Amino acid sequence: MSLTHFDKAGQAHMVDVSGKPDTAREAVAEGCVIMAPETLALAQDGTKKGDVMGVARLAGIMAAKRTADLIPLCHPLPIARVALDLTPDPDLPGIRVTATVRTTGRTGVEMEALTAVAVAALTVYDMVKAVDRGLVITDLRLVHKSGGKSGVYDEPAR
């Protein structure tokens, strides 16, 4: 097994996907922003900066579309769909962030989904940090991917 982003001399390079067929691809990533219960209540009701979850959703969508500008060896992709769900969870307490990204292309959208979750979570942090600097962004992970030669991946039960 070898890392695909390095050549035989160990130099970083962009993977050549020119010989791959276009296939439907999807990736789902998740993460959590853990916060004090009082902060969660504010995030659900909005702050002086506005609708916390709405702004974070837009930030995640924008980030997915700009992933190739942020991650050096990612291919720019024609994203067909980006959906972000930010779900308040009093058991954390905090917000669960889920991103689903779809495309038809020669490479997957895992990085786009992970980037969307990360930036949405960071946006939540930015919007509520004035009242809670102890937020923790955690459990950023790929939970599902489909399409391409490697087929389907589903996160093992946790």
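Q: A crossing is left-handed if the near helix is turned anticlockwise from the far one by less than a right angle, and right-handed if clockwise. Which hand does the crossing of α2 and α4 have in this predicted model?
A: Helices are DSSP runs of H or I with at least four residues, strands are E runs of at least two, and both are numbered from the N terminus. For the pair α2 and α4, the crossing is right-handed.

Q: How many helices and strands are there in the chain?
A: This is a predicted model, where local features need pLDDT of at least 70, side-chain atom pairs count only at pLDDT 80 or more, and totals for chains, interfaces and linings use all residues. Residues are numbered from 1 along each chain as its sequence is written, and side-chain values use heavy atoms, with hydrogens and water left out. Reading along the sequence, you meet the pattern β-α-α-α-β-β-α-β-β. The total is 4 helices and 5 strands.

Q: At what angle do α2 and α4 pack?
A: Each axis is a line fitted to C-alpha atoms, for helices over the stretch in contact, and angles between N-to-C directions run from 0 to 180 degrees. The two axes lie 7 Å apart. Their angle is about 145°.

Q: How many nonpolar residues does the contact of α2 with α4 have?
A: Contact means heavy atoms within 4.5 Å. Ala, Val, Leu, Ile, Met, Phe, Trp, Tyr, Cys and Pro count as nonpolar, Asp, Glu, Lys and Arg as charged, and the others, Gly among them, as polar. Residues of α2 including Val52, Ala56, Ala59 and Ala63 meet residues of α4 that include Glu112, Ala116, Ala120 and Val124. By class, this contact has 1 charged and 3 polar residues, and the nonpolar count is 12.

Q: How far apart are the end C-alpha atoms of α2?
A: The expected span of a helix is 1.5 Å times one less than its number of residues. For α4, with 19 residues, that gives 27 Å, close to the 28 Å it reaches. In α2 there are 14 residues and the expected span agrees with the model, where the ends are apart by 20 Å.

Q: What share of the chain counts as buried?
A: Buried means under 20% relative accessible area, exposed over 50%, and partly exposed in between, using a 1.4 Å probe and protein chains only. In α2, Val52, Met53 and Gly54 are among the buried residues, and what covers the buried residues of this helix includes α1, α3, β2, β3 and α4. Over the 158 residues of the chain, the buried share is 41%.

Q: Which element gives the most residues to the largest nonpolar core?
A: A nonpolar core is a set of buried Ala, Val, Leu, Ile, Met, Phe, Trp, Tyr and Cys residues joined through side-chain atoms within 4.5 Å. Of the 30 residues in the largest one, Met35, Leu84, Leu86, Ile95, Val97 and Val124 touch the most other members. Two or more residues come from each of β1 (23-34), α1 (37-45), α2 (52-65), β2 (79-89), β3 (94-105) and α4 (110-128). With 9 residues, the top contributor is α4.

Q: What is the relative accessible area of Val97?
A: Val97 is found in strand β3. Leaving aside neighbours within four places in sequence, its contacts include Ala29, Leu84, Leu86, Val117 and Ala120. Val97 counts as buried because its relative accessible area is 1%.

Q: How many Å separate the C-alpha atoms of Val128 and Thr39?
A: Val128 is found in helix α4 and is buried at 1% relative accessibility. Thr39 is 89 residues away from it along the chain, and their C-alpha atoms are separated by 7.1 Å.

Q: Which residue does a cis peptide bond join to Leu92?
A: The partner sits in the loop between β2 and β3. Omega of this bond is about -15°, and the residue joined to Leu92 is Pro93.

Q: Is Asp139 buried or partly exposed?
A: Asp139 lies in strand β4 (residues 136-146), and its phi is near 60°, a positive value in a residue other than glycine. Because its relative accessibility is 34%, Asp139 counts as partly exposed.
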